[in-house]
Each structure stands twice: as structure tokens, then as C-alpha cells.
Amino acid sequence: MGAAAAVMLIARTSLADHYVVPSGSMEPTVQVGDRILVDKRAFGLRLPVVDTYILPLAEPKPGDVVVLASPENDSTLLKRVVAGPGDMVAVKGGRVTLNGQEAPVTHERGGAWEALGDTRHPLRLGGPDFGPVRVPDGHYLVMGDNRGNSHDGRIFGFVARDAIRGRAVRVFLRNGDFTWKTL
């Protein structure tokens, strides 16, 4: 029984996990109560319990949806990476300017859609302005897709790479129904 518990702990800390969305900060991409599959190996292998990367494999990039430890209170958050180390970033009216280029936003299908990195996703504009500022080495700026109603990096600042626990890859349960929505 103890061996099985140890295997489960290592798997949830280092390989994959799930997360229940507690707030509307990432709407319309995800909804409150959605269950999200998290790839804990996406950015490297971590030591169980101490939650430290022992083998970094990839860096988070703009557009990735990540699960992270809040820099304010260590609660678990779900946010989108909008800028990485060395990037010059500004946010005005919820629109991101990264290294002098405004991320394209189109209005279609009853809402706004942003192209950030290789990712195209729905969003709601608004919220406090931020920057321009250069992201420090080893840090990231994360924001919610519900920009006007998101407690995010514009408020709590940059997030250290070690605080990012994994990449959210899919919604697998919504309103009690199985789904398989890619993030």
C-alpha cells in the first residue's frame, strides 16, 4: 500500500495531474469548475515533495496555459504566459505588446480572439495597464484570458520559472460531462 502511494505521489508531482478551475479569470477559454489535465513534464522533471526542477526540458512560451504557484500565497493558479525572460512587454486595455509588436486581436464568433505565440485563443479585454517593462531573467508574466477580471501578473508581478508546475493541455470534464478540449 505504501509503495502505491509513493508511486502516485511521484506521478502527480512529476508527470501529470489534474486541476479544478476555481475562478473565472481564464474565461472564456475555461469555465469555473472545469477539470484540466496538466502535463507536469512539459517544462522538465521535478523532485517530488520539494517541487524543484532537477532537469529542465523546455521553457514556457507566450501562449502556453500554465499551472503555477501564486507568488502571493502559494495557492495554485491557472494563467496564460504572455511574456518570458528578456521580453519587453506592455499591456494597455488588455492588449499585449511584446517586443514592440502588438499581439493581433480579431473580433469574430461573438468575441475577441488573440494570437499569442503559436496560440490563438478567445479573450475578454480590459483590466489594468502594465509596463512597458523588461521581464527579468528566470521570470514570466502571466495573465488571465478574462483580462478585465483577472488577478494576475499585472497585480502580483513576475513569476519565477520554478513556480510554474506544468502546462495545462486539455479540459477533460465540463459541467459533469466528459470533453476533450485542447488548450
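Here are some questions and answers on how the labels for this predicted model were reached.

This is a predicted model, in which local features need pLDDT of at least 70 and side-chain atom pairs count only at pLDDT 80 or more, while totals for chains, interfaces and linings use all residues. Residues are numbered from 1 along each chain as its sequence is written, and side-chain values use heavy atoms, with hydrogens and water left out.

Q: Why is glutamate 108 called partly exposed?
A: Its relative accessible area is 28%. Buried means under 20% and exposed means over 50%, with partly exposed in between (1.4 Å probe, protein chains only). Glutamate 108 therefore gets the middle label.

Q: What does glutamate 108 touch, not counting residues up to four places away in sequence?
A: Trp113 and Arg120, where contact means heavy atoms within 4.5 Å. Glutamate 108 also lies 9.5 Å from proline 122, C-alpha to C-alpha, with the two 14 residues apart in sequence.

Q: What makes residues 105-108 a strand?
A: Strands are DSSP runs of E with at least two residues, and helices are runs of H or I with at least four, numbered from the N terminus. Residues 105-108 are strand 10, and glutamate 108 is found there. Over the chain, the tally is two helices and 17 strands.

Q: How do you know that strand 10 and strand 11 pair?
A: Two strands pair if DSSP finds at least two bridges between them. Strand 10 and strand 11 (residues 111-116) have four, in the antiparallel sense, so the rule is met. Histidine 107, for instance, has alanine 112 as its bridge partner in strand 11. The two strands form a hairpin with two residues between them, and arginine 109 in the turn has a positive phi of about 45°.

Q: How many bridges does strand 11 make with strand 12?
A: Five, again antiparallel, with strand 12 covering residues 119-123. Leucine 116 stands opposite threonine 119. This hairpin also has two residues between the strands, and glycine 117 takes a positive phi near 65°.

Q: Why are strand 9 and strand 13 called edge strands?
A: Four strands form an open antiparallel sheet in the order 9-8-7-13. Strand 9 (101-102) and strand 13 (130-134) each pair on one side only. Strand 9 is joined to strand 8 (residues 95-98) by two bridges, and one partner pair is threonine 97 with glutamate 102.

Q: What makes a set of residues a nonpolar core?
A: The members are buried Ala, Val, Leu, Ile, Met, Phe, Trp, Tyr and Cys residues joined through side-chain atoms within 4.5 Å. The largest such core has 13 residues, of which Val66, Leu68, Val142, Val159 and Ile164 touch the most other members. Strand 5 (65-69), strand 6 and strand 14 (139-143) each give two or more residues, and the largest share, three residues, comes from strand 5. Outside its sequence neighbourhood of four places, valine 66 touches residues including Phe43, Leu77, Val142 and Ile164.

Q: How much of the chain counts as buried?
A: The figure is 45% of the 183 residues.

Q: How many nonpolar, polar and charged residues line the largest pocket?
A: Seven are nonpolar, seven polar and two charged. Ala, Val, Leu, Ile, Met, Phe, Trp, Tyr, Cys and Pro count as nonpolar, Asp, Glu, Lys and Arg as charged, and the others, Gly among them, as polar. Strand 6 (residues 76-83) gives the most to this lining, with four residues.
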